[in-house]
Amino acid sequence: MAEIVSLLLPFFGLILIGYIAAKATKQPAETLGWLNTFIIYAAPPALFFKLVSRTPIEQLTRVDFIATDIAATYAVFILLFAIGRLLRGNSFADCTIQSFAGAYGNIGYLGPGLALLALGEGAAVPVALIICFENALHFVVAPALMAAAGDDKRSTGQLVADIVRKVALHPFILSTAAGFAVAALHIDQPLAFQRLVDYLAQAAAPCALFAMGVTLALRPLKRIPAEISYIVPAKLILHPIAVFISLTAVGSFEPVWIQAAVLLACLPTATNVFVIGQQYGVWQERASATILITTVFSVVTVSLWLIVIRSGLLPLQLFP
């Protein structure tokens, strides 16, 4: 238990520090702009480039792994969408944001640092693959569904062009693609460049977690959605279970790959869900509340998942 606490304290501690700092200083939300710019365009991209570029190319081409992980994630998405639409009678647009709240985890902020610290360097490749491919698909699915809901007024051509631009030019994806190229071509990186990348990569987790705490403080809990009763267990419990069952059923993956995927799946709702809701004016306050509530509950659930993973209680094979 002490080992689990030592793993989690730096992460949730940094979120708490950011939360307290925001409440104490009462700085406006605009002051977070440059830190967010550093997070999006510098530190995590450097981390993803470092992880991918220093990995043998054959490990980066596991299409079966990423396809299975995404299938499990979107199975949860579809289930939540069906519940919201068929049982709750929510609008198409509301169901879209609710489903992202239960299937889109905070993998970019919390994922890399926690997985590498808990599971070691062996988790680097699956973490990078999941973050980049899941984010890329989310960037496609969100505007596509909002267009189907009628809340996106762009023409089809403009919508497709904007989606392609957003996916192709996102810093996370660009840095990962560059890492793929370096790994495939076996390019030797100059020592000075490697050190620069290392410095930036080391700043990724602390800056992202602090910014997350500030963001949570600046979004007070105003409206708790009724859907929280099933979104929270879906995100924190059902999602990692679905990922685990899918990966163990479909392929013979390295244990650390399965563990990394489960760990990323159990993370709380991503702040990008609020950004999507804000962009389309849909379910904004309730998305913010969901992010805060899942983050608070994840202190317990992520701890429990880490205990299961680190203690060997997570079976490596369910099916013979």
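This is a guided tour of a predicted model, stop by stop, with a suggestion of what to select at each one.

**Helix α3 and its surroundings**

Begin by selecting helix α3, residues 43-53, which is mostly covered, since ten of its eleven residues are buried. Among the buried residues of α3 are Ala43, Pro44, Pro45, Leu47, Phe48 and Val52. If you then show what lies around them, you will find that the buried residues of α3 pack against α2 (33-41), α6 (111-119), α7 (124-149), α9 (171-185) and α10.

Stay in helix α3 and pick Leu51, which counts as buried because its relative accessibility is 6%, under the 20% limit. Leaving aside neighbours within four places in sequence, Leu51 is in contact with Leu116, Glu121 and Ala124. Of these, Ala124 is worth a distance label, as the C-alpha atoms of Leu51 and Ala124 are separated by 5.7 Å while the two residues are 73 residues apart along the chain.

**Aromatic pairs**

Next, colour the aromatic rings, among which the count comes to nine aromatic pairs. Select Phe49 and Phe193, whose ring centres are 5.8 Å apart and whose planes stand at 80°, so the pair is edge-to-face. Phe49 belongs to helix α3, whereas Phe193 belongs to helix α10 (residues 191-217), so this pair ties together parts that are 144 residues apart in sequence. How far is each of the two covered? Phe49 counts as buried at 9% relative accessibility, while Phe193, with a relative accessible area of 34%, is partly exposed.

Now move to Tyr74 and Phe77, an aromatic pair that is tilted, with 5.3 Å from centre to centre and 40° between the planes. The two residues are three residues apart in helix α4 (residues 63-87), and are therefore separated by about one helical turn. As a general rule, an α-helix has 3.6 residues a turn, so residues three or four places apart point the same way. Both Tyr74 and Phe77 are buried. Extend the selection to Phe81, Phe92, Phe100 and Tyr104, and you will have one aromatic cluster, formed by these four residues together with Tyr74 and Phe77.

A ring with a charge over it comes next: select Trp257 and Arg62, and you will see that Arg62 lies over the face of the Trp257 ring, at 5.9 Å from the ring centre.

**Two helix crossings**

Hide the side chains for a moment and show α7 with α9, whose axes come within 10 Å and cross at roughly 135°. That angle makes α7 oblique to α9, and the crossing in which α7 passes α9 is left-handed. Bring the side chains back to see the contact, which is made from the α7 side by Leu129, Ile131, Cys132, Asn135, Ala136 and Phe139, and from the α9 side by Phe172, Ile173, Thr176 and Phe180.

Then show α6 with α12 (255-265), where the axes come within 10 Å and cross at roughly 140°. These two helices, α6 and α12, are therefore oblique to each other, and their crossing is right-handed. The residues to select here are Gly111, Leu114, Ala115, Ala118 and Leu119 of α6, which make the contact with Val256, Gln259, Ala260, Leu263 and Leu264 of α12.

**Three loop residues**

Follow the chain on to the loop between α12 and α13 (272-280), where Thr271 has its place. Is Thr271 buried or exposed? Thr271 counts as buried, at 11% relative accessibility. Leaving aside its neighbours within four places in sequence, Thr271 is in contact with Asn106, Tyr109, Arg219 and Ile291.

The last two selections concern the backbone. Most residues other than glycine have a negative phi. Lys26, in the loop between α1 (2-25) and α2, has a positive phi of about 55° although it is not a glycine. Trp283, in the loop between α13 and α14 (284-310), likewise has a positive phi of about 55° without being a glycine. Set their surroundings side by side: Lys26 counts as exposed, at 68% relative accessibility, whereas Trp283 counts as buried, at 3%.

Notes:
Residues are numbered from 1 along each chain as its sequence is written. This is a predicted model: local features need pLDDT of at least 70, side-chain atom pairs count only at pLDDT 80 or more; totals for chains, interfaces and linings use all residues. Side-chain values use heavy atoms; hydrogens and water are left out. Rings of Phe, Tyr and Trp (its six-membered ring) pair if their centres lie within 6.5 Å; planes under 30 degrees apart count as stacked, over 60 as edge-to-face and the rest as tilted. Helices (H or I, at least four residues) and strands (E, at least two) are DSSP runs, numbered from the N terminus. Buried means under 20% relative accessible area, exposed over 50%, partly exposed in between (1.4 Å probe, protein chains only). A charge sits over a ring if NZ of Lys or CZ of Arg is within 6 Å of the ring centre and within 35 degrees of the ring normal. Contact means heavy atoms within 4.5 Å. Axes are lines fitted to C-alpha atoms, for helices over the stretch in contact, and angles run from 0 to 180 degrees between N-to-C directions. Angles under 35 degrees count as roughly parallel, over 145 as roughly antiparallel, 65 to 115 as roughly perpendicular and the rest as oblique. A crossing is left-handed if the near helix is turned anticlockwise from the far one by less than a right angle, and right-handed if clockwise.
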